[in-house]
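Student: Could you walk me through this structure, one step at a time? I would like to learn how to read it.

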2 protein chains.
Amino acid sequence: MLRDFQTVLKKLHLKVTPKRLAILEILKNESVYLSPEEVWRKLRKQFSRVGLPTVYRNLEELAQGDVISKVTHPNRQLYYYFCLNPSHHHHFICLSCRTVEDIDFCMFRELEKRVKQELKGRVVSHILQVNGLCKKCLKKDGESHA
Amino acid sequence: MLRDFQTVLKKLHLKVTPKRLAILEILKNESVYLSPEEVWRKLRKQFSRVGLPTVYRNLEELAQGDVISKVTHPNRQLYYYFCLNPSHHHHFICLSCRTVEDIDFCMFRELEKRVKQELKGRVVSHILQVNGLCKKCLKKDGESHA
DNA sequence: TGCATTAATAGAAATGGTTTCTATTTACAT
DNA sequence: ATGTAAATAGAAACCATTTCTATTAATGCA
Ligand SMILES: [Zn+2]
Ligand SMILES: [Zn+2]
Ligand SMILES: [Zn+2]
Ligand SMILES: [Zn+2]
């Protein structure tokens with residue numbers, strides 16, 4: 001697995017630094033999306049000296065390289081998530097517990113085709129994200145009202 | 001048209017103030033999305049005293065009330081757009097000239113159904129937006145390279 | 001293995017879009 | 001007209017994110 005990350009980083013022409021690998025490990029071991037500061041707090045448990053700007057920079061680089069994915073949160077702050085699913089897909093994110101679940105169903109290909117045909121524009125990127133409350137949080141909420 | 005905005009505001013239990021109406025007029029007369037500060041600059045042409053926080057507050061209230069729509073921009077800053085299309089739809093936004101075009105084709109209903117069935121979660125909101133370069137900007141770009 | 005090159009980093013500082021706060025004014029129901 | 005609750009101006013604060021610079025570390029090659 002370490003080898004895998006190294007390969008990925010090299011493909012992106014990013015140097016394989018201990019902190020870069022640690023950031024990836026932190027995200028990989030989380031089932032929820034994290035803010036840069038949260039990643040930083042976890043990182044500080046392993047490194048005595050580590051700057052918050054380093055975390056911001058690394059997260060952005062890794063997101064640019066499609067190694068991790070960025071969450072589009074209603075509060076407009078930055079959150080990142082490591083997703084094992086290598087194919088194009090989108091996410092259902094829980095606004096309460098931050099769980100991320102894959103939406104393998106992507107109807108974007110058809111949409112993109114129509115945008116190109118009907119609007120004659122060039123598609124640079126698209127955002128499709130479903131925000132809500134996950135199964136577990138719904139259950140929790142139900143109990144508290146019981 | 002003035003009457004229309006008044007009705008809309010009253011339904012939302014928002015008082016009909018001159019500045020609120022002016023903000024709506026400004027957005028309605030624009031074919032591109034605007035930042036709060038840009039709305040403010042235009043507003044200052046009509047009112048000698050007007051605060052930027054007023055603009056922020058009004059835009060947010062109007063967006064909450066579905067009178068205007070918020071743009072999810074890659075730079076994570078706030079932009080708003082007044083859309084005449086009353087039915088549920090999404091937008092193609094030009095990252096260059098800020099033009100907004102409707103995508104009447106919404107395949108969200110099916111997606112939502114699947115999210116509910118397969119993930120057993122509650123959908124609170126969804127974001128679907130296509131970012132790119134519009135027909136006009138593509139043409140402009142092509143000419144500059146010619 | 002040593003060296004040159006270039007990227008990565010720490011830490012401090014700045015940034016600036018956005019929000020908060022409070023006194024004052026305004027809309028509007030009665 | 002009058003009372004009340006909402007809306008506002010202006011100043012100030014906020015704080016997540018970015019910039020800056022000197023230092024350190026990774027990497028490719030001799
Ligand atoms: Zn949840
Ligand atoms: Zn995923
Ligand atoms: Zn354009
Ligand atoms: Zn529209």
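Tutor: What follows is a set of questions and answers on the two chains and the DNA strands. This is a predicted model, in which local features need pLDDT of at least 70 and side-chain atom pairs count only at pLDDT 80 or more, while totals for chains, interfaces and linings use all residues. Residues are numbered from 1 along each chain as its sequence is written, chains are lettered from A and ligands numbered from 1 in the order in which they are written, and side-chain values use heavy atoms, with hydrogens and water left out.

Student: What relation do chain A and chain B have?

Tutor: In general, two copies of a chain are related by a rotation about an axis and a shift along it. Here, with least-squares superposition on the C-alpha atoms of residues with pLDDT of at least 70 in both, chain B can be laid on chain A with an RMSD of 0.0 Å by a turn of 180° and a shift of 0.0 Å along the axis. That is the relation of a two-fold axis.

Student: Which C-alpha of chain B is nearest the axis?

Tutor: Stay with that axis and look along chain B. The C-alpha in question lies 2.3 Å from the axis. It belongs to L128(B).

Student: Through which surface do the copies meet?

Tutor: Compare the interface residues of the two chains. Of those in chain B, 100% are also interface residues in chain A. The copies therefore meet through the same surface.

Student: Is strand 3 of chain B largely enclosed or open?

Tutor: Strands (E, at least two residues) and helices (H or I, at least four) are DSSP runs, numbered from the N terminus. Buried means under 20% relative accessible area, exposed over 50% and partly exposed in between, using a 1.4 Å probe and protein chains only. H90(B), F92(B) and C94(B) point one way from strand 3 of chain B, H91(B) and I93(B) point the other way, and all are buried. Five of the five residues of this strand, 90–94, are buried, so strand 3 of chain B is largely enclosed.

Student: Which residue is the bridge partner of H91(B) in strand 4 of chain B?

Tutor: Two strands pair if DSSP finds at least two bridges between them. Strand 3 and strand 4 (residues 100–103) of chain B pair in the antiparallel sense over four bridges. Their hairpin has five residues between the strands, where R98(B) takes a positive phi near 75°. The bridge partner of H91(B) in strand 4 is D102(B).

Student: And which residue stands opposite H91(B) in strand 5 of chain B?

Tutor: Strand 5 of chain B covers residues 122–133, and strand 3 pairs with it in the parallel sense over four bridges. Across from H91(B) in strand 5 stands Q129(B).

Student: With which residues of chain B is F105(A) in contact?

Tutor: F105(A) is in the loop between strand 4 (100–103) and helix 5 (108–119) of chain A, and is buried, with a relative accessible area of 18%. Contact means heavy atoms within 4.5 Å. Leaving aside neighbours within four places in sequence, F105(A) touches E110(B), L111(B) and R114(B).

Student: Which helix gives the most residues to the surface near DNA strand C?

Tutor: A residue is near a strand if one of its heavy atoms lies within 4 Å of it. There are 23 residues around DNA strand C, with K19(A), R20(A), R49(A), V50(A) and T54(A) coming nearest. Sugar and phosphate account for 76% of the atoms of DNA strand C that come within 4 Å of the protein. The most, four residues, come from helix 4 of chain A.

Student: How far does a polar side-chain atom of R20(A) lie from a phosphate oxygen of DNA strand C?

Tutor: A polar contact is a pair of N or O atoms within 3.5 Å; within protein, one must be able to donate a hydrogen and the other to accept it, and residues adjacent in sequence count only if both atoms are side-chain atoms. A polar side-chain atom of R57(A) lies 2.7 Å from a phosphate oxygen of this strand. For R20(A), the distance is 2.3 Å.

Student: Which helix gives the most to the surface near DNA strand D?

Tutor: DNA strand D is surrounded by 22 residues, the closest being Y56(A), K19(B), R20(B), R49(B) and T54(B). A backbone N or O atom of R49(B) lies 2.6 Å from a phosphate oxygen of DNA strand D. With four residues, the helix that gives the most is helix 4 of chain B.
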